[in-house]
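Please open the structure in your viewer with the sequence panel beside it, and follow the stops in the order given.

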Amino acid sequence: AQLHYSVPEDREPGFSVGDLAKDLGVEVRSLATRNLRLVSEGGQRHFQVDLAAGVLLLDSRLDREALCGQSPACSLHLQLVMENPLQLHRVEVDVLDVNDNVPQFPKPEVVLEITEVANPGTRLPLEVAEDPDMGSNSISTYELSPSEHFALSINVRGDGVKMPEIVLEKALDREKVAVHHLTLTALDGGNPVKSGTAKVIIHVLDANDNPPVCDPPISKVHLEENVPVGTLVTKLNVTDLDEGPNGDVEYSFKTSNNAPGKFTKLFSLDPRTGEIRTKAPLDYEESSAYEIAVRARDKGSPAMEGHCHLRVELTDINDNSPEIVLTSLSSPVLEDATPGTVIALIGVKDSDSGDNGQVRLQIAKELPFKLVSSFKEHFSLVTSGPLDREKASGYNITVRAVDSGSPQRATQKTFYLRIADVNDNAPNFSSPFDTAHIQENSLPGTSVFSVSAFDPDEGSNAKLSYSILDNGMQDVPISTYFRIDQDNGTIYTVRALDYEQDKVFQVPVEVKDAGSPALSSTTVVHVFVLDENDNAPTIVYPSVPKGSAFHQSIPALAEPGYLVTKIVAVDADSGHNAWLSYQLQETTEALPFQVEHRSGEIRVAQALKESEDPHRLVVEVRDNGIPSLSASVVIVISLEENSVQDFSKSLDLPKSSPKDTNLTLYLIISLVSISLVSCVMFAVVAARCL
């Protein structure tokens, strides 16, 4: 939006220029929260914003003449920037002229000379009075004090400036009046009217009665800017009807307060030939035209002079490159910004005029941004497509400005836009499940396995924490068996594990980032408990109290091979740790019995003698673990004379109970499970190697 205000130049600081809140259509209380700030395009601060009242105030007293000189229009350009959302508003303030300057002549006293033979109608040009005010407050007219011989004539120059001249109305007689004293008054058009005066002293001379005459008296020349120094601008055409010294004309610049000596620094005048040439580079952007006044004076006695006026108008060429101004940049921008989000506000300037000052902006087409014209010479850079920080964390954006001149001139400006991360990616494990092994009876705090996840986001959105989920997959909460380091994902045991109680654990692990909202994913770690030989064999038959012996009677005539009894034992371990072997402890004397190494059957090894005393056997049951564990039982065998009995009836061997059957089945299932897991592990390792 563009706002337009006006303010007289003589107002004091604090003067209210305009109601910004009302004209912008926003509430006053939102101006502070939206960080309204004022930017002056010229770099000077003349205004301020009252955020509490929402009005634009004058910060310092304005002087229109100091700000804009003789320019007919005087405007100050401001920019209002508001955030949330980012908006740019242009403010143009016209500085209105007040009649605060008095007309002044270049000199308080003007001395003129006129020959006594001058004819009525002879004109004596006067220097123009200056009034810095503009419009109706500038010079309106001139007045001359009453005179019998002279009157005042006012001509209007091509640029509208009024030029006073004294006109001879009645022939002069130097012998009667040699000097005439007049008063010239300059009046402006203000209310009230202000005036300035100068004394005019006219000396009446003899002799040279023909002044130099310019033909034409007012001329115009067109010249390109930046022409080489020394270029001929024009040659003045001046004639003097007199002869000899009275017709020999000499030229000089005539300066005034309008441009005191300014054009004399840019142009040179040959005093003999009247040629005007450039002596410094001319810049259209500094001034598009120059008014040159030349005095043509002969060498008569007294000398007479004529006046020539030349207007030099410059033609613009494309000698200025466009200028890019980055007014505001919102960096970083979130990667989930919607298309059309304003990224930057860009202004462009070109000091040239016409087509040479018409500028268009361009950016690379492959970028997800586009330029939108806000108003004249102002553009908004907005998003035109989706942004993804994981693909591009930032963009070097080059804005190129090209004018419409011939040849074209261009400039470019590059700035970096950083893309801010949003939590749009969940962390991921490398595998949906993992396998780990741990020896039973490991100390609490033993490291079991380390899981690892990756999150392509950054900062807190990529800061990961690990946790174990108690999701009811186990009868007992899994957290009573394992814990996890939330920072590095290492799983530790909470207590010693018992293979005989739990052989496999499914540990669900969740990884969660620190974004808002947080995103997560899960994996399952299958922890297999490895058996160790921590259970000694248990003798289930014969069952005798500790420290007691089992008594068994057999016929005295039992022959070798006779089955005396059978030792039945079990081991809660599995695999090799549960493989049992039976043997008799060595004694000092040879025993007529032997025990089967694998079955535990005790048989008669040699013929028995009827007179033998009872035999005491110590049977040891040992597993195959490392180190090996064992149990033993004492068997006392007595001989019964003349007794023959059926072994199957007399030997009360234990029958397999459901509990023993279940134990054996459990051992078989454990062995099969371990074998299958080993096969799966070998297959996974082989697949990864391939």
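Strands are runs assigned by DSSP and numbered from the N terminus, and two of them are taken to pair if DSSP finds at least two bridges between them. With that settled, keep in mind throughout that this is a predicted model.

**The whole chain**

Begin with the entire protein in cartoon view, where the secondary structure comes to five helices and 49 strands. The radius of gyration is 59 Å, well over the 26 Å that the globule rule gives for 690 residues, so the protein is more spread out than a compact globule. If you align the view to the principal axes, the C-alpha atoms fill a box of roughly 200 × 50 × 35 Å. Switching to a surface display shows what the protein exposes, about 36300 Å², with carbon and sulfur atoms supplying 50% of that area. Of the 690 residues, 42% count as buried. Among contacts with a separation of 6 or more, residues 24 or more positions apart account for 67%.

**Strand E8 and Glu109**

Select Glu109 next, whose place is in strand E8, residues 109-115. Glu109 is partly exposed, with a relative accessible area of 42%. Showing its surroundings, and leaving aside neighbours within four places in sequence, you will find Glu109 in contact with Lys199 and Ile201. A distance drawn from the C-alpha of Glu109 to that of Asp63 spans 29 Å, for a separation of 46 residues in sequence.

**Charged pairs around strand E23**

Now turn to the salt bridges, of which the model has 19. Select Lys220 and Glu313, which form one of them with their closest N and O atoms 3.7 Å apart. Lys220 belongs to strand E16 (residues 218-224) and Glu313 to strand E23 (residues 305-315), so this pair ties together parts that are 93 residues apart in sequence. The two ends are unlike in their surroundings: Lys220 counts as exposed at 53% relative accessibility, whereas Glu313 is buried at 18%.

Add Glu291 and Arg311 to the selection, since their side chains also meet in a salt bridge, at 2.1 Å from N to O. Glu291 lies in strand E22 (residues 289-298) and Arg311 in strand E23, so the pair ties together parts that are 20 residues apart in sequence. Here Glu291 counts as buried at 17% relative accessibility, while Arg311 is partly exposed at 26%.

A further pair to display is Glu305 with Arg297, joined by a salt bridge whose closest N and O atoms are 2.8 Å apart. Glu305 is partly exposed, with a relative accessible area of 27%, and Arg297 is likewise partly exposed, at 35%. Which residues do salt bridges with shared partners join into one network? They are Lys220, Glu291, Arg311 and Glu313.

**Strand E40 and its two partners**

Move along the chain to strand E40 (residues 520-530), which pairs with strand E33 (residues 433-439) in the parallel sense over seven bridges. Within this pairing, Thr435 stands opposite His526 of E40. Strand E39 (residues 504-513) is joined to E40 by nine bridges, and these two strands run antiparallel. Val527 in E40 is the bridge partner of Phe505. To see how E39 leads into E40, display the hairpin that joins them through six residues.

**The nonpolar cores**

Finish with the largest nonpolar core, which has 26 residues, and select Ile554, Val564, Ile567, Phe593, Ile602, Val604 and Ile635, the members that touch the most others. Two or more residues each come from strands E41 (538-541), E42 (549-555), E45 (580-584), E46 (593-595), E47 (601-604), E48 (615-623) and E49 (630-640). Strand E49 gives the largest share of this core, five residues. Another core of 25 residues lies apart from it, and you can locate that one by selecting Leu223, Val249, Phe263 and Val312, which are among its members.

For a last close view, return to Val604 and ask which residues it touches, not counting those up to four places away in sequence. They are Ile554, Ala558, Glu559, Pro560, Gly561, Tyr562, Val564, Pro592 and Phe593.

Notes. Residues are numbered from 1 along each chain as its sequence is written. This is a predicted model: local features need pLDDT of at least 70, side-chain atom pairs count only at pLDDT 80 or more; totals for chains, interfaces and linings use all residues. Side-chain values use heavy atoms; hydrogens and water are left out. Helices (H or I, at least four residues) and strands (E, at least two) are DSSP runs, numbered from the N terminus. A nonpolar core is a set of buried Ala, Val, Leu, Ile, Met, Phe, Trp, Tyr and Cys residues joined through side-chain atoms within 4.5 Å. Buried means under 20% relative accessible area, exposed over 50%, partly exposed in between (1.4 Å probe, protein chains only). Contact means heavy atoms within 4.5 Å. A salt bridge is a side-chain nitrogen of Lys or Arg within 4 Å of a carboxyl oxygen of Asp or Glu. The radius of gyration is taken over C-alpha atoms; the globule rule is 2.2 Å times the number of residues to the power 0.38. Accessible areas come from the Shrake-Rupley method with a 1.4 Å probe; for residues, only the protein chains shown count as cover.
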